[in-house]
Structure formats: structure tokens, C-alpha cells
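Reader: Please take a close look at one part of this model, the sheet of the second chain. I would like the strand order and pairing first, then the chain around the sheet and what lies beyond it.

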Amino acid sequence: MTSLPDLVCPAGSLPALKAAIDNGADAVYLGYKNDTNARNFAGLNFEPKTMAEGIRYAHDKGREVLLAINTFAQAGRVADWQKAVDAAVDQGVDAIILADVGLLDYARNRHPQQRLHLSVQGSATSYEAINFCQREFGVRRAVLPRVLTLAQVEHVIKNTSVEIEVFGFGSLCVMNEGRCWLSSYACGESPNTVGACSPAKYVKWDKKPGVMETRLNGILIDRFGDDEPAGYPTLCKGRFEVEGETYYALEEPTSLNVLSILPEILKIGVRAIKVEGRQRSPAYVTQVTRTLRAALDSLRAGSERFHVKPAWQAELAKVSEGSQATLGAYNRPWR
Amino acid sequence: MNGSFTIPKFRLPTFVASLGRKLPQWPHALALVGGLNAALKMNLLPESELALLEDKLFRVRVLDTGGEACYTYRNGLFRPVFSLQREPDLAFAANLSAYLQLLARQEDPDTLFFSRELEITGDTELGLVVKNMLDAVEWPKFSARLPLLRH
């Protein structure tokens with residue numbers, strides 16, 4: 001029997017949390033209803049009472065709850081982030097996912113027993129950075145940004161005893177996690193500062209006959225014909241005019257999907273596979289969790305006979321942004 | 001969703017919409033508002049988010065039936081609006097099958113939006129509030145007997 005990486009699934013609401021657990025997630029990750037996490041969207045996330053119910057539900061079934069406090073404490077309000085850490089410890093989450101080194105230091109000193117994970121927003125792409133966080137803050141797991149090739153992920157794993165978590169499925173952005181300010185360029189707010197990329201209050205979908213225009217704080221991001229798939233209204237996925245040509249100058253709307261390289265991911269010793277999408281609905285969580293669970297379970301008997309079932313790919317393609325998927329940086333020939 | 005019943009993607013014949021548009025629209029609004037108020041009475045909708053809906057004007061348009069419903073939320077109740085005096089704050093447009101798939105939690109609104117099967121126009125943040133509020137509803141156990149509410 002091969003030991004499998006944990007399947008870590010998103011929960012933006014209690015029904016989504018239950019959907020993840022019921023469909024085979026080993027762990028769920030979630031956040032408070034405020035700007036201490038990078039999916040601070042209106043109506044999303046958990047009040048402490050609902051979170052307690054979610055934690056109970058997961059623990060009753062032997063699964064873990066990871067809490068993301070993965071934005072950066074803002075000047076004059078550091079106490080808000082520290083209180084979130086204290087509350088998370090009180091609530092009994094299995095791990096807190098942090099990005100801000102100041103908060104990592106606070107959590108380590110105030111709650112030395114609490115398991116800490118380094119968020120993807122912490123932007124650690126080298127084993128040196130990860131080992132530093134282990135030495136200084138006792139970090140037990142690091143979530144890798146989606147910029148590394150599979151060979152580079154393997155290199156990191158070989159040189160650290162910190163558990164490594166990688167993204168397995170979900171919407172791709174410019175893969176510059178924790179260091180991206182494109183949203184701030186357009187509207188003065190970004191995931192690092194307010195917990196949201198391209199906040200909804202700046203987004204306008206303008207439907208005209210035969211075309212839909214997307215604007216972010218008045219800036220035209222894209223123009224879709226009626227039959228074209230759409231994406232999230234972020235600058236990185238806009239079509240812009242560059243030297244007389246209009247095209248996706250940074251990246252196309254797309255989702256990462258690692259189904260085809262799951263055996264390699266297992267082989268190099270990845271400890272957990274993460275699904276993006278706390279902003280998505282329980283239906284998405286159900287579909288993606290169920291599919292990745294089935295794919296992972298089929299690897300228990302060994303990877304020799306692993307093959308990606310067309311039904312899995314179809315299910316994941318359907319929920320993908322822009323209705324298309326990619327292996328992203330994992331299979332990039334260049335570094 | 002337990003997978004025993006799947007709502008297919010379908011589109012009603014175009015004559016349905018041309019007929020539907022000629023029929024009175026008030027029954028749709030009454031039915032929708034009735035359902036929403038029933039959810040209110042069961043305390044399924046969180047008060048903090050409901051406050052954000054106060055006095056907002058909503059329109060739900062079913063493209064292939066030609067039906068539409070307009071409503072608002074005021075003083076703790078959803079209320080039908082029979083003649084729009086201004087553009088709605090938030091408008092949804094989709095075919096019937098997309099709405100049924102959403103209600104059954106069979107499909108995710110973002111998925112339908114990406115594939116252009118669901119159109120959302122107006123105040124985007126308000127749209128997010130409504131979407132996330134409905135996603136967070138824990139449908140009571142009896143819904144397991146209603147195919148459209150099964151999740």
C-alpha cells in the first residue's frame with residue numbers, strides 16, 4: 001500500500017466544509033469573516049460559532065481543520081491579526097496557516113504548542129527559506145507557490161524535513177503569490193492588504209448586445225463575445241493591446257489540474273495536495289473533492305496501473321476557470 | 001447532492017419564451033418572494049448579510065421561459081416589485097436548467113458564469129453577498145425529500 005498525500009479542500013461556508021468532508025477530504029482549510037484571510041469576500045467565511053460547528057463536524061469524522069490567517073497585518077491594526085491567532089488556538093484548529101513573519105513569531109512565542117503552516121502567501125520557493133521558517137518559527141508544513149517545476153519541488157523536498165504541500169487543482173493567477181500587487185495597481189487594494197484580489201466593489205460586468213465588458217475600477221479588462229468562456233475579473237487575466245495586438249498579455253483564464261502527474265507528485269514525497277477555491281460553492285467543492293479522492297485512492301495499489309479517467313478530466317474541466325486547465329509551471333521545460 | 005438525480009442542461013424551445021413574455025409576470029415574483037420569505041421565517045438567512053440587501057432591487061430573468069421576477073427586501077421581508085421604476089441593483093439571467101442546477105447545488109455559479117450560462121449584471125459586490133448567503137444556507141433535513149433542494 002502506498003501512503004497518500006492529504007487532500008486539503010477549501011471551505012468558504014459550513015455546507016462547503018461538510019461537502020469536502022463527506023466527499024473525502026483529509027483536511028479542510030477556512031478563514032474568519034474578516035481581512036485576516038486572503039478570501040475576504042462579502043458573505044463568505046466563518047463566524048466563530050459556525051467555525052466551532054465545522055471543527056466539530058470534521059473532528060467527529062477524524063479529519064483536520066486548517067485555519068488561514070494569511071494576509072499581512074496592517075499598520076496600526078496588528079492586534080486584530082494577533083487576536084485572530086489567539087481565537088484560532090482557542091477554537092482548537094489543527095493548524096494555523098500564516099504568511100506574515102511577524103505573526104509567525106507571535107504565534108510561535110505565544111502558543112508554542114500550536115502547529116503552524118507557512119502559507120503560499122509567504123512566498124517561500126526555496127528550501128533555504130522554508131528551513132529558516134522551521135528554525136525560527138517551528139513551521140511544520142509549507143505550501144509552495146505555483147512557480148516551481150516538478151523537479152524543483154523535488155529538490156525542495158529532498159533538502160527539508162518540513163512537510164511540503166502543493167496545489168493540485170484550482171484557478172491560476174500569475175503565480176506570484178504573496179508578492180503580487182496588480183490588484184492594488186488597479187484599485188489600491190490587494191490580497192496582502194485587504195484580503196481580496198480585485199474586490200467585487202470595483203468590478204463591473206457590462207452586458208451589451210453580443211458582448212460583455214469587464215471593468216475593474218473603470219479599467220477595461222476584457223471583452224467577451226457571447227460564446228467565449230469568461231474568467232475572473234483580474235488584471236492578470238485581461239486582454240490588452242500590446243504593440244498593436246490585443247491578447248492575453250499575462251495569462252489566459254485557466255485552472256491548474258495535476259491529475260495527469262499525480263503518480264510523480266506521490267513519488268517525490270509531497271505531503272499534501274491543496275485544492276483552490278474557498279470562494280466557490282458547495283457544488284464545486286463536492287465535484288473537485290470527489291474527483292481527486294477517486295484519483296488518489298486509485299493510486300493506493302501502486303502507480304503502475306494509474307490512468308486518468310476521462311470522467312475525472314471532464315468533471316474538472318467543467319468547473320475550471322475559462323473552462324480550460326493546465327499543468328502550469330510543473331511541467332515547464334525552462335526554469 | 002447525492003447523485004441519484006441529475007438535472008440535465010436543457011433549453012426550452014424558443015416559442016416558450018415568446019409565449020412566456022406575453023403572460024403576466026407577477027406570479028413569478030410572488031412565488032419567488034414566497035420562497036425567500038419562507039427561508040427567512042426558518043431563520044436560514046443570516047441577519048448580517050440580509051442588512052446589506054435593504055432596499056435593493058433585484059431581477060431574476062429566465063431566458064427560455066420568458067419569465068422574470070423583480071423583488072426587493074425591506075423591513076425584514078422580501079417584497080415583489082411589479083413595475084420597475086429604475087434599473088435593478090442586481091440582475092440575473094439564465095435558462096431554466098441553470099437555475100434548477102443552482103438550486104439543487106448541482107452546479108457552482110462561478111462554473112455557470114465561466115461557461116456563460118449565467119449572466120450577472122449590476123452591483124457585483126451585492127451579487128457576491130447573495131451568492132455567498134445562499135451557499136451558506138444549511139437546508140433543513142426535510143429537503144432531502146425534495147429533489148430540487150437535495151444537496
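Author: What follows starts with the sheet of chain B and then moves outward to chain A.

The model is a predicted one. In chain B, 5 strands form an open sheet, and their order across it is β3-β2-β1-β4-β5. The pairing in this sheet is mixed. In general, strands of a sheet pair through backbone hydrogen bonds, in either a parallel or an antiparallel sense. At the edges of the chain B sheet are β3 (77–80) and β5 (118–122), each of which pairs on one side only. From one strand to the next, the twist averages 20°.

At the β5 edge, the partner strand is β4 of chain B, residues 90–94. β4(B) and β5(B) run antiparallel to each other and are paired over 5 bridges. Within chain B, B:Ala94 stands opposite B:Leu118, a residue of β5(B).

Now the chain that carries the sheet. Chain B has 6 helices and 5 strands. Read from the N terminus, its elements follow the pattern α-α-α-β-β-β-β-α-α-β-α. The C-alpha trace of chain B spans about 40 × 40 × 30 Å along its principal axes. Its radius of gyration is 15 Å, which agrees with the value near 15 Å for a compact globule of 151 residues. Of those 151 residues in chain B, 35% are buried. Among contacts in chain B with a separation of 6 or more, 71% are between residues 24 or more positions apart.

Beyond the sheet is the contact with the other chain. Here 29 residues of chain A are in contact with 26 residues of chain B. On the chain A side, α1 (14–22), β8 (203–208), α10 (282–297) and α11 (310–319) each supply at least two residues. By class, that side of chain A has 15 nonpolar, 7 polar and 7 charged residues.

The last topic is the nonpolar core. The largest nonpolar core has 127 residues, and A:Val28, A:Ile69 and A:Ile96 are those with the most contacts inside it. The element that gives the most to this core is α10(A), with 7 residues. Leaving aside residues up to four places away in sequence, A:Ile69 touches several residues of chain A, including A:Trp81, A:Val85, A:Ile96 and A:Leu103.

For contrast, consider a residue in a helix of chain A. A:Lys83 lies in α3 (residues 78–91) of chain A. A:Lys83 counts as exposed because it has 12 C-beta neighbours inside 10 Å.

Definitions and conventions
Residues are numbered from 1 along each chain as its sequence is written. Chains are lettered from A and ligands numbered from 1 in the order in which they are written. This is a predicted model: local features need pLDDT of at least 70, side-chain atom pairs count only at pLDDT 80 or more; totals for chains, interfaces and linings use all residues. Two residues are in contact if their C-beta atoms, placed from the backbone, lie within 7 Å. Helices (H or I, at least four residues) and strands (E, at least two) are DSSP runs, numbered from the N terminus. Ala, Val, Leu, Ile, Met, Phe, Trp, Tyr, Cys and Pro count as nonpolar, Asp, Glu, Lys and Arg as charged, and the others, Gly among them, as polar. Two strands pair if DSSP finds at least two bridges between them. Axes are lines fitted to C-alpha atoms, for helices over the stretch in contact, and angles run from 0 to 180 degrees between N-to-C directions. A residue is buried if 20 or more other C-beta atoms lie within 10 Å of its own, exposed if 12 or fewer, and partly exposed in between; C-beta atoms are placed from the backbone. A nonpolar core is a set of buried Ala, Val, Leu, Ile, Met, Phe, Trp, Tyr and Cys residues joined through C-beta atoms within 7 Å. The radius of gyration is taken over C-alpha atoms; the globule rule is 2.2 Å times the number of residues to the power 0.38.
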